[in-house]
Amino acid sequence: MSEVVTVQGGTEQLQTANATIGNVVEQKAIEALPLNGRNPLTLLLLEPGVVQRSAGGAGSGVHVNGARDRAYNVTIDGIEANESSVPNPVSNLYRINPDNVQEFKVTTNKCDSGGRS
(Lines give C-alpha, C1' and ligand atoms only; values in the text may rest on other atoms or scores of the structure.)
Protein backbone atom coordinates (compact mmCIF):
# COMPACT_ATOMS: atom_id res chain seq x y z
CA MET A 1 0.00 0.00 0.00
CA SER A 2 1.33 3.40 -0.91
CA GLU A 3 0.09 6.85 -0.02
CA VAL A 4 1.05 10.14 -1.58
CA VAL A 5 0.51 13.48 0.14
CA THR A 6 0.98 16.60 -1.94
CA VAL A 7 1.35 19.94 -0.20
CA GLN A 8 1.23 23.11 -2.22
CA GLY A 9 1.85 26.54 -0.88
CA GLY A 10 2.26 30.02 -2.06
CA THR A 11 2.51 33.51 -0.83
CA GLU A 12 -0.57 35.58 -0.32
CA GLN A 13 -0.58 38.93 -2.03
CA LEU A 14 -0.41 41.88 0.32
CA GLN A 15 -2.73 44.76 -0.33
CA THR A 16 -0.43 47.77 -0.66
CA ALA A 17 -2.72 50.38 -2.25
CA ASN A 18 -3.96 51.74 1.09
CA ALA A 19 -3.77 51.21 4.84
CA THR A 20 -7.45 50.53 5.47
CA ILE A 21 -8.06 48.18 8.39
CA GLY A 22 -11.34 46.34 8.65
CA ASN A 23 -13.22 43.11 8.26
CA VAL A 24 -16.24 41.76 6.42
CA VAL A 25 -18.76 39.99 8.65
CA GLU A 26 -20.31 37.35 6.43
CA GLN A 27 -23.76 35.80 6.51
CA LYS A 28 -22.45 32.59 8.11
CA ALA A 29 -21.30 34.55 11.18
CA ILE A 30 -24.54 36.53 11.29
CA GLU A 31 -26.56 33.30 11.29
CA ALA A 32 -24.32 31.22 13.58
CA LEU A 33 -23.16 33.62 16.32
CA PRO A 34 -25.46 34.63 19.18
CA LEU A 35 -26.85 38.13 18.70
CA ASN A 36 -28.13 40.41 21.42
CA GLY A 37 -31.62 41.43 20.32
CA ARG A 38 -31.17 39.87 16.84
CA ASN A 39 -29.07 42.88 15.79
CA PRO A 40 -26.18 41.78 13.53
CA LEU A 41 -24.35 45.07 14.12
CA THR A 42 -23.56 43.93 17.67
CA LEU A 43 -20.94 41.71 15.98
CA LEU A 44 -18.87 44.83 15.27
CA LEU A 45 -18.01 44.78 18.98
CA LEU A 46 -15.91 41.66 18.27
CA GLU A 47 -13.58 43.60 15.95
CA PRO A 48 -10.08 44.51 17.17
CA GLY A 49 -9.99 48.05 18.55
CA VAL A 50 -13.77 48.27 19.10
CA VAL A 51 -15.11 48.54 22.65
CA GLN A 52 -18.44 49.43 24.19
CA ARG A 53 -18.46 51.35 27.43
CA SER A 54 -21.34 50.92 29.82
CA ALA A 55 -24.37 53.11 29.31
CA GLY A 56 -25.30 56.00 31.52
CA GLY A 57 -22.19 58.16 31.61
CA ALA A 58 -20.55 60.68 29.36
CA GLY A 59 -18.66 58.89 26.63
CA SER A 60 -20.72 55.73 26.96
CA GLY A 61 -21.25 53.89 23.71
CA VAL A 62 -19.11 52.31 21.01
CA HIS A 63 -15.51 53.52 20.64
CA VAL A 64 -13.20 52.54 17.77
CA ASN A 65 -9.44 52.74 18.34
CA GLY A 66 -9.90 55.29 21.13
CA ALA A 67 -12.08 57.67 19.11
CA ARG A 68 -15.12 59.38 20.60
CA ASP A 69 -18.32 57.39 20.83
CA ARG A 70 -19.93 59.49 18.08
CA ALA A 71 -17.03 59.36 15.63
CA TYR A 72 -18.44 56.77 13.23
CA ASN A 73 -20.63 56.51 10.17
CA VAL A 74 -23.12 53.78 9.30
CA THR A 75 -24.22 53.32 5.70
CA ILE A 76 -26.45 50.70 4.10
CA ASP A 77 -25.67 50.13 0.43
CA GLY A 78 -23.94 53.53 0.45
CA ILE A 79 -26.89 55.41 1.99
CA GLU A 80 -26.45 57.09 5.38
CA ALA A 81 -28.21 55.14 8.13
CA ASN A 82 -27.18 56.99 11.28
CA GLU A 83 -29.73 57.39 14.04
CA SER A 84 -29.73 61.03 15.12
CA SER A 85 -31.78 60.60 18.29
CA VAL A 86 -29.74 57.68 19.67
CA PRO A 87 -26.27 57.95 18.11
CA ASN A 88 -24.86 54.45 18.40
CA PRO A 89 -23.66 52.32 15.48
CA VAL A 90 -25.57 49.28 16.76
CA SER A 91 -28.82 51.30 16.73
CA ASN A 92 -29.49 52.44 13.20
CA LEU A 93 -32.57 53.86 11.70
CA TYR A 94 -33.38 50.83 9.53
CA ARG A 95 -33.52 48.35 12.45
CA ILE A 96 -31.69 45.64 10.56
CA ASN A 97 -31.90 42.01 11.63
CA PRO A 98 -30.29 38.72 10.52
CA ASP A 99 -33.07 38.13 8.01
CA ASN A 100 -32.30 41.25 5.95
CA VAL A 101 -28.48 41.39 6.07
CA GLN A 102 -26.23 39.34 3.83
CA GLU A 103 -22.94 40.78 5.10
CA PHE A 104 -21.45 44.00 6.39
CA LYS A 105 -18.03 45.58 6.48
CA VAL A 106 -16.43 47.17 9.51
CA THR A 107 -13.67 49.68 8.72
CA THR A 108 -11.74 50.72 11.82
CA ASN A 109 -9.03 52.76 10.06
CA LYS A 110 -9.11 54.24 6.60
CA CYS A 111 -6.03 55.70 4.99
CA ASP A 112 -5.22 56.04 1.29
CA SER A 113 -1.83 55.43 -0.32
CA GLY A 114 -0.86 59.06 0.26
CA GLY A 115 -0.81 58.52 4.01
CA ARG A 116 -3.76 60.80 4.73
CA SER A 117 -6.60 59.61 6.96
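**Exercise 1. Which strands each supply at least two residues of the lining of the largest pocket?**

*Solution.* The structure is a predicted model, in which local features need pLDDT of at least 70 and side-chain atom pairs count only at pLDDT 80 or more, while totals for chains, interfaces and linings use all residues. Residues are numbered from 1 along each chain as its sequence is written, and side-chain values use heavy atoms, with hydrogens and water left out.

Step 1. Fix the term pocket: on a 1 Å grid over the protein atoms alone, a pocket is an open set of points where a 1.4 Å probe fits, with protein on both sides within 12 Å along at least five of seven lines, and lining residues have an atom within 4 Å of a point.

Step 2. Read off the strands, which are DSSP runs of E with at least two residues, whereas helices are runs of H or I with at least four, both numbered from the N terminus. The strands sought are β3 (61-64), β4 (75-76) and β6 (104-109). Of the elements, β6 gives the most to this lining, with five residues.

Step 3. Complete the picture of the pocket. The space in it is about 730 Å³, a volume being the space filled by probe spheres set on the points, which are joined across faces, edges and corners. Its lining has 25 residues, and N73, V74, T75, K105 and V106 lie nearest the centre.

Step 4. Sort the lining by type: 15 residues are nonpolar, seven polar and three charged. Here Ala, Val, Leu, Ile, Met, Phe, Trp, Tyr, Cys and Pro count as nonpolar, Asp, Glu, Lys and Arg as charged, and the others, Gly among them, as polar.

**Exercise 2. Describe the order of the helix and strands along the chain.**

*Solution.* Step 1. The protein has one helix and six strands.

Step 2. Along the sequence these elements follow the pattern β-α-β-β-β-β-β.

**Exercise 3. Locate the salt bridge and describe its two partners.**

*Solution.* Step 1. Apply the criterion, a side-chain nitrogen of Lys or Arg within 4 Å of a carboxyl oxygen of Asp or Glu. One salt bridge is found in the whole structure.

Step 2. Name the pair: R38 and D99 meet through their side chains, with 2.6 Å from N to O. R38 lies in the loop between α1 (27-32) and β2 (50-53), and D99 in the loop between β5 (79-80) and β6, so that the pair links distant parts of the chain, 61 residues apart.

Step 3. Classify exposure, where buried means under 20% relative accessible area, exposed over 50% and partly exposed in between (1.4 Å probe, protein chains only). R38 is partly exposed at 43%, and D99 is exposed at 65%.

**Exercise 4. Is T108 buried or exposed, and which residues does T108 contact?**

*Solution.* Step 1. T108 is placed in strand β6 and counts as buried, at 15% relative accessibility.

Step 2. With contact taken as heavy atoms within 4.5 Å, and neighbours within four places in sequence set aside, T108 touches I21, G22, P48, V50, V64 and N65.

Step 3. Consider N65, one of these contacts. N65 lies in the loop between β3 and β4 and is partly exposed at 48%. Its phi is near 50°, a positive value in a residue other than glycine.

**Exercise 5. Characterise D77 by place, exposure and phi.**

*Solution.* Step 1. D77 is found in the loop between β4 and β5.

Step 2. Its relative accessible area of 78% makes D77 exposed.

Step 3. Although D77 is not a glycine, its phi is positive, at about 50°.
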